[in-house]
Amino acid sequence: MTETRAKRGRPRTFDRAAALAVAARLFWEHGYAATSVGELTEAMGIRPGSLYAAFGDKRSLFEEAVHSYGRSPVGAFMAVALEEEPTAYAAFARILREAAVIYPDPAHPAGCLTICGATNVTAQDAGVGAFLRDLRNRNVDVFEARLREAQQAGELSGTADPGALAAYFTAVIQGLSQRARDGATAAELARTAELALAAWPAARD
């Protein structure tokens, strides 16, 4: 006689990747503090108990959603440009021009989740702000490393300051995100991107 074993626990009734995409969109649109667990579970189509069982808590869900966003085409465009373009100038030109198109795209909330997902957080949620700040600062480090490589290869003048240049382009990108959230069009952001590129240092003599 064959014995049929009963499955232990309740089967998951949601797709994790899809749930993370929904959560990322809510956090992106409203910010961490203004997005409630109730809003998240309703949009994700799960119960609060399922959210806590699957993700731990709201902050853990937020961090996983941000990482998931960072692997998506919209969130990963900077890393892709740095990897694919043969020169630093081509990489940063692509990043700025794509940001000008992606940030105001009506297909998703304006701006960048990593830049605007946790503004004006309370002291209780300071760890969330620090999490995003660390991600943004890591991008500055990646930018600087690429620019130093370009300088060593002779693409940048020896008098150029890779650290200052990385900080400058980071500030421009973050500004593009905020301008998109304030209603700036892709055409306006594209003009800003081209002005920023005009600051690129000349090649080494």
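# A tour of a ten-helix chain

Start by selecting Leu165, which is buried, with a relative accessible area of 9%. Buried means under 20% relative accessible area, exposed over 50%, and partly exposed in between, using a 1.4 Å probe and protein chains only. The structure is a predicted model: local features need pLDDT of at least 70, side-chain atom pairs count only at pLDDT 80 or more, and totals for chains, interfaces and linings use all residues. Residues are numbered from 1 along each chain as its sequence is written, and side-chain values use heavy atoms, with hydrogens and water left out.

**Around Leu165**

Leu165 sits in helix α9 (residues 162-181). Helices (H or I, at least four residues) and strands (E, at least two) are DSSP runs, numbered from the N terminus. Show the neighbours of Leu165: apart from residues up to four places away in sequence, it touches Leu147, Leu156, Trp200 and Pro201. Contact here means heavy atoms within 4.5 Å. Next, select Glu144, which is 21 residues from Leu165 along the chain; their C-alpha atoms are separated by 7.5 Å.

**The whole chain**

Zoom out. The protein chain has 10 helices and zero strands. Its C-alpha trace spans about 85 × 45 × 30 Å along the principal axes. Of the 205 residues, 41% are buried. Among contacts with a separation of 6 or more, 66% join residues 24 or more positions apart. Switch on the surface: the accessible area is about 11,400 Å², and 52% of it belongs to carbon and sulfur atoms. Accessible areas come from the Shrake-Rupley method with a 1.4 Å probe; for residues, only the protein chains shown count as cover.

**Helix α8**

Select residues 126-152, helix α8. Its 27 residues should span 39 Å at 1.5 Å a residue, and the end C-alpha atoms are 39 Å apart, which agrees. The expected span is 1.5 Å times one less than the number of residues. Buried residues of α8 include Val128, Phe131, Leu135, Phe143 and Leu147. The buried residues of this helix pack against α4, α5, α6, α7 and α9. After α8 comes Gly154, whose phi is positive, near 90 degrees.

**Where α6 meets α8**

Add helix α6 (residues 88-102), which packs against α8 at an angle of about 145 degrees, with the axes 9 Å apart. Axes are lines fitted to C-alpha atoms, for helices over the stretch in contact, and angles run from 0 to 180 degrees between N-to-C directions. Which residues in α6 and α8 meet? Ala88, Ala91, Phe92 and Ile95 in α6 meet Phe143, Arg146, Leu147 and Ala150 in α8. These residues divide into seven nonpolar, no polar and one charged. Ala, Val, Leu, Ile, Met, Phe, Trp, Tyr, Cys and Pro count as nonpolar, Asp, Glu, Lys and Arg as charged, and the others, Gly among them, as polar. The cover over the buried residues of α6 includes α5 (77-84), α8, α9 and α10 (186-197).

**Helix α4**

Finish with helix α4 (residues 58-71). Its buried residues are Lys58, Leu61, Phe62, Ala65, Val66 and Tyr69. Seen down the axis of α4, these fall within an arc of 135 degrees, so they line one face of the helix. The arc is that of the directions from the helix axis to the C-beta atoms. To see what the buried residues of α4 pack against, show α1 (16-30), α2 (37-44), α3 (48-55), α7 (113-116) and α8.
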